[in-house]
Amino acid sequence: MPPIPKSGIYTLVRVISSALNPADYKVMDYPRPIPRIVMGPSPVTPGADFVGRVWQTTHPDLKAGDLCWGKLLTPTKYGTCAEFTLHTGEHGIAKVPDGYLPLTSQGRSLDELAGVGIAGLTALHALKRADLPYNRSKGKETRGGGKLFINGGSGGTGTFAVQMAKAMGCDTVVASCSAANSELVKSLGADEVIDYRSQDVVDSLKQWSKRNGGQQFDAIIDNVGNNADIYWNCHEYLKSSGGIYIGVAVEFSSDTDCALNTFLAPGDCQPGLR
Ligand SMILES: NC(=O)c1ccc[n+]([C@@H]2O[C@H](COP(=O)([O-])OP(=O)(O)OC[C@H]3O[C@@H](n4cnc5c(N)ncnc54)[C@H](OP(=O)(O)O)[C@@H]3O)[C@@H](O)[C@H]2O)c1
């Protein structure tokens, strides 16, 4: 059982379902003694994403017995792959609205909701940062605006970003992925898909702009980070005024960065790449 803090905002959660995220193994992959410094001495339990019942809490929006979901804010030895986990702080946890369960192809399931935490919130943060036209009205969201390119639309963060962008009213979503995932990404709402294996992504974006009468994207969300040319050429397809380029994945291009990263975080060296 995680130790209960003496003060501050915390929620002790009895876990119903947890999901593994790449962050869970990446921290464990770091050379010693980094995992121990980050997570504390053994034994450690991985896991950050969860759905569960509030057991005990000082959170202003929660009470014991509430069904809740979210993600732990930092890696901890009391991860979510256990019967109990401890969430600290106000953010990254919320009550599951009464009567709500996510709709999946198999029906509605709390297991699916457990997988939303880190990847879903990453996508949401990127979209909020993108500040597409639907976010710009005062107080209310206006539907039907914004053109967005998502590099890496078929992965953990990309699949959430495509769905959220369309649900928020984004007019056009173009996403890159491999041909094998093209139908999946379209089924999630993407209007056009670029197969990065058979097409040059930069050329395809330039062509998209030409084909659409010189229109440009309001935002680009880069979940891959392997091709700096997408950024360096973006004046050809990203609005020069108000256009925003959001790097969710980091490119480690210099030798120093790469060497440092190979040592410190081998699993992170080529983010998003397979
Ligand atoms: N997952 C998270 O919760 C999370 C949170 C914060 C930050 N991040 C960071 O976000 C990035 C993406 O994470 P993820 O979990 O979404 O990764 P992922 O599930 O592995 O997805 C990677 C995406 O990149 C595409 N891709 C792979 N190689 C490519 C290439 N050479 N050119 C263009 N596209 C390529 C993949 O397409 P195909 O699969 O169709 O080949 C897929 O759409 C990583 O840098 C990660 O560290 C992730």
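Let's start with S1 and S4. Five bridges join these two strands, and they run antiparallel. One position to look for on screen is Val13, which stands opposite Thr85 in S4. Keep in mind that this is a predicted model.

Now widen the view. S1 and S4 belong to an open sheet of five strands. Read across, the order is S4-S1-S2-S3-S5, and the pairing is antiparallel. Which strands stand at the edges? Strand S4, residues 84-88, and strand S5, residues 93-95. Each has a single partner strand, so one side of each is left without a neighbour in the sheet. As for twist, neighbouring strands here are turned by 40° against each other on average, direction ignored.

Next, the elements around S1. Strand S1 covers 10-19, and the buried residues of H1 pack against it. They also pack against helix H2, residues 34-39. Which residues of H1 are buried? Asp24, Lys26 and Val27, in a helix that spans 22-29. The N-terminal end of H1 is capped by Asn21. There, a side-chain oxygen lies 2.9 Å from the backbone nitrogen of Ala23.

On to the other sheet. Five strands again form an open sheet, this time with parallel pairing. The order is S10-S9-S8-S11-S12. S10, residues 192-195, and S12 are the edge strands. Each has a single partner strand, so one side of each is left without a neighbour in the sheet. The twist averages 15° from one strand to the next.

Look at the S10 edge. Four bridges join S9 to S10, and the two run parallel. In S10, Ile194 is the bridge partner of Ser176. Helix H7 packs on this sheet and touches S8, S9 and S10. The direction of H7 makes about 150° with that of S10.

Helix H4 deserves its own moment. H4 lies across S8, S11 and S12, running at about 160° to S12. H4 also lies across strand S2, residues 49-57, and strand S3, residues 67-71. Its angle to S3 is about 70°. So much for the sheets.

Now the cores. How many residues does the largest nonpolar core have? It has 23. Leu127, Leu148 and Val173 have the most contacts inside it. Several elements each supply at least two residues of this core. Two are strands S8, at 145-151, and S9, at 170-177. Two more are strands S11, at 219-222, and S12, at 244-247. Then come helices H4, at 117-130, and H5, at 156-167. Apart from this core lies another, of 14 residues. Among its members are Trp208, Phe217, Ile230 and Tyr237.

Two of those names lead to the aromatics. A search of the whole structure finds five aromatic pairs. Take Phe149 and Phe217. Why does that pair count as tilted? The ring centres are 6.1 Å apart and the planes are at 45°, so the pair falls in that class. For reference, planes under 30 degrees apart count as stacked, and over 60 as edge-to-face. This pair links distant parts of the chain. Phe149 sits in strand S8, while Phe217 is in the loop between helix H7 and S11, 68 residues apart. Phe149 and Phe217 are both buried.

Compare Trp208 with Phe217. Here the centres are 4.0 Å apart and the planes are at 15°, so the pair is stacked. Trp208 is buried too. Together, ring pairs link Phe149, Trp208 and Phe217 into a cluster.

One more stop: Ser209. Ser209 is found in helix H7. Is it buried or exposed? Its relative accessible area is 5%, so Ser209 is buried, given that buried means under 20%. What does its side chain meet? A polar atom of the Ser209 side chain lies 2.8 Å from the backbone oxygen of Gln215. Leaving out residues up to four places away in sequence, Ser209 touches Gly214, Gln215, Gln216, Glu236 and Tyr237. Tyr237 is also in the core of 14 residues.

Last, the whole chain. The chain has nine helices and 12 strands. Of its 274 residues, 43% are buried. Finally, take the contacts with a separation of 6 or more. Residues 24 or more positions apart account for 63% of them.

Notes: Residues numbered from 1 in each chain as written. Predicted model: local features only at pLDDT ≥ 70, side-chain atom pairs only at ≥ 80, totals over all residues. Heavy atoms only, no water. Core = buried A, V, L, I, M, F, W, Y, C linked by side-chain atoms within 4.5 Å. Buried < 20%, exposed > 50% of the residue type's maximum accessible area, 1.4 Å probe, protein only. Phe/Tyr/Trp six-rings, centres within 6.5 Å; stacked < 30°, edge-to-face > 60°. Contact = heavy atoms within 4.5 Å. Polar contact = N/O pair within 3.5 Å; in protein donor to acceptor, adjacent residues only side chain to side chain. Pairing = 2+ DSSP bridges. Axes fitted to C-alpha atoms, helices over the stretch in contact; angles between N-to-C directions.
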